[in-house]
Amino acid sequence: MKLYIKYMVSTRCKMVVKDELKKMGIHFVMVDLGEVEIMENISDVKRAQLKAALLTSGLELMDDKRAVLIERIKNVIIEMVHYTDELPKVNYSDYISEKLHHDYTYLSNIFSEVKGITIQQFIIVHKIERAKELLLYDEMNLTEISYVLNYSSVAHLSNQFKKVTGLSPSHFKQLKDKRRCPIEEIGN
């Protein structure tokens, strides 16, 4: 049986979910970003207990199919941008469609309708947040960052960076008080 959990965007979230499942004696096969596969069906009472336990950690067990799909789209993008060393070289639309086994137009329409922004805009915001993180780490120069984030040029990255943040990448790097946002707050 699969369960879908909102705001589950990090390794720490996965650890919290695993702990709650163990406490409740629920056996799991897999715990991934936003998704848990359990071995047994659980009663409505146990589901309500799990929902309440997860809420105390800021996580939300989801029931609505559209909300589940939106969360899965967000998690694919977050994983793609924040947790891979290099972004896929295929079109993001093909990547997302393949990962979720749905037509991209269908995914895009639902996402835009519910979130009020396009999937592409959501990806850009996350790529810029990742660029901010890489700039603050100071391990890569802008050329390397643009390559890792799959930008066609440094100028393209710089233009998008300025559009999203209002600052050039070099100006951003100079500001120590303009820090990163938590992943779960981006695009919500």
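# Exercises: sheet, helices and cores

**Exercise 1.** Which residue of β3 is the bridge partner of leucine 3, and how many bridges join β1 and β3?

*Solution.* Valine 36 in β3 is the bridge partner of leucine 3. Between β1 and β3 there are three bridges, and the sense is antiparallel. Helices (H or I, at least four residues) and strands (E, at least two) are DSSP runs, numbered from the N terminus; two strands pair if DSSP finds at least two bridges between them.

The model is predicted, so local features need pLDDT of at least 70 and side-chain atom pairs count only at pLDDT 80 or more, while totals for chains, interfaces and linings use all residues. Residues are numbered from 1 along each chain as its sequence is written, and side-chain values use heavy atoms, with hydrogens and water left out.

**Exercise 2.** Give the strand order of the sheet and identify its edges.

*Solution.* Step one: the order is β2-β3-β1-β4, an open sheet of four strands with antiparallel pairing. Step two: β2 (28-32) and β4 (60-62) each have a single partner strand, so they stand at the edges and one side of each lacks a neighbour in the sheet. Step three: from one strand to the next, the twist averages 25°. Step four: β1 (residues 2-6) pairs with β4 in the antiparallel sense over three bridges. Here isoleucine 5 is opposite leucine 61, and lysine 6 is opposite glutamate 60.

**Exercise 3.** Which strands do helices α1 and α2 meet?

*Solution.* Angles run from 0 to 180 degrees between N-to-C directions of axes, which are lines fitted to C-alpha atoms, for helices over the stretch in contact (heavy atoms within 4.5 Å). Helix α1 (residues 11-23) lies across β1, β2 and β3 (35-38), at about 155° to β2. Helix α2 (residues 44-55) packs on the sheet and touches β1 and β4, its direction making about 140° with that of β4.

**Exercise 4.** Is helix α6 enclosed or open, and what span should its 19 residues have?

*Solution.* The expected span is 1.5 Å times one less than the number of residues. For α6 (residues 119-137) that gives 27 Å, and the end C-alpha atoms are 27 Å apart, which agrees. Of its 19 residues, 14 are buried, so α6 is largely enclosed by the rest of the structure. Buried means under 20% relative accessible area, exposed over 50%, and partly exposed in between (1.4 Å probe, protein chains only). Glutamate 129 lies in α6 and is buried, at 5% relative accessible area. After α6 comes aspartate 138, with a positive phi near 60°. Glutamate 139, in the loop between α6 and α7 (142-148), is exposed at 66% relative accessibility.

**Exercise 5.** Which helix supplies the largest share of the largest nonpolar core?

*Solution.* A nonpolar core is a set of buried Ala, Val, Leu, Ile, Met, Phe, Trp, Tyr and Cys residues joined through side-chain atoms within 4.5 Å. The largest has 30 residues, with Ile73, Ile77, Ile96 and Ile119 making the most contacts inside it. At least two residues each come from α3 (65-82), α4 (92-100), α5 (104-115), α6 and α8 (154-165). The largest share, eight residues, is that of α6. Leaving aside residues up to four places away in sequence, isoleucine 96 touches Val76, Ile77, Tyr104, Leu107, Ile119 and Ile123. Another core, of 16 residues, lies apart from the largest one and includes Leu3, Val17, Met24 and Leu59.
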